[in-house]
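Here are my notes for a colleague opening this structure for the first time. Please read them with the model on screen.

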Amino acid sequence: MMRVFRVKVEVKLKAVVLDPQGKTVLGALHNLGYLEVQETRIGKLIELTVKDESEQKVKERVEEMCKKLLSNPVIEDFVIKIE
């Protein structure tokens, strides 16, 4: 029986990769007086609605999507959350 799953994929640069956009945001926050912020990293959130038979199948398919399109495995990590 097919079920509908809501999936969130969080994609972030790997810790060893420089994040120039994050540095820019950090500088802007400091300029606005938010000096307590020590570091910023910018990522993206992708929300999917997926129809499949099981949560395991959904996870496997979404992992494939991340490796082929939704992330760049060379410089990014991703986390999949299924609701």
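1. Start with one pair in helix H2, which runs over residues 55–70. Lys-67 and Glu-63 both sit there, four residues apart, about one turn of the helix. An α-helix has 3.6 residues a turn, so residues three or four places apart point the same way. The side chains of Lys-67 and Glu-63 form a salt bridge, 4.0 Å from N to O. Keep in mind that this is a predicted model.

2. Are the two partners buried or exposed? Lys-67 is exposed, because its relative accessible area is 52% and the cut-off is over 50%. Glu-63 has 28% and counts as partly exposed.

3. Next, look at the faces of H2. Val-58, Val-62, Cys-66 and Leu-70 are buried. These four cover an arc of only 75 degrees around the axis, so they lie on the same side of H2. On the other side, Lys-67 and Lys-68 are exposed.

4. What do the buried residues of H2 pack against? Their partners are E1, E2 and strand E3 (76–82).

5. Check the length of H2 too. A straight helix of 16 residues would span 22 Å at 1.5 Å a residue. H2 spans only 19 Å between its end C-alpha atoms.

6. Now the interior. The largest nonpolar core has 11 residues. Among them are the four buried residues of H2 named above, Val-58, Val-62, Cys-66 and Leu-70. Phe-5, Val-7, Val-9, Val-11, Ile-46, Val-50 and Ile-80 complete the set. E1, E2 and H2 are the elements that give two or more residues to this core.

7. Leu-70 deserves a closer look. Which residues does Leu-70 contact, leaving aside its neighbours within four places in sequence? They are Val-11, Lys-44, Ile-46, Leu-48 and Met-65. Of these, Met-65 lies in helix H2 as well. Met-65 is partly exposed, with a relative accessible area of 32%. With its neighbours within four places set aside, Met-65 is in contact with Leu-48 and Leu-70. Leu-48 is thus named in the contacts of Leu-70 and in those of Met-65.

8. Back to charges. How many salt bridges does a search of the whole structure find? The count is six. Side chains of opposite charge can pair when their charged atoms come close.

9. One of the pairs joins Glu-47 and Lys-8, at 3.9 Å from N to O. This pair links distant parts of the chain, 39 residues apart. Glu-47 is in strand E2 (residues 43–52), and Lys-8 is in strand E1 (residues 3–13). Glu-47 counts as exposed at 55% relative accessibility. Lys-8 is partly exposed, at 30%.

10. Do not treat that pair in isolation. Lys-8, Glu-47 and Glu-83 are linked in a network of salt bridges.

11. A further salt bridge joins Lys-12 and Glu-10. Their closest N and O atoms are 3.0 Å apart. Lys-12 counts as partly exposed because its relative accessibility is 44%. Glu-10 is also partly exposed, at 28%.

12. To sum up, view H2 from two sides. Its buried residues pack against E1, E2 and E3. Lys-67 and Lys-68 are exposed on the other side, and Lys-67 pairs with Glu-63.

Key:
Residues numbered from 1 in each chain as written. Predicted model: local features only at pLDDT ≥ 70, side-chain atom pairs only at ≥ 80, totals over all residues. Heavy atoms only, no water. Buried < 20%, exposed > 50% of the residue type's maximum accessible area, 1.4 Å probe, protein only. Expected span 1.5 Å × (residues − 1). Arc of directions from axis to C-beta. Contact = heavy atoms within 4.5 Å. Core = buried A, V, L, I, M, F, W, Y, C linked by side-chain atoms within 4.5 Å.
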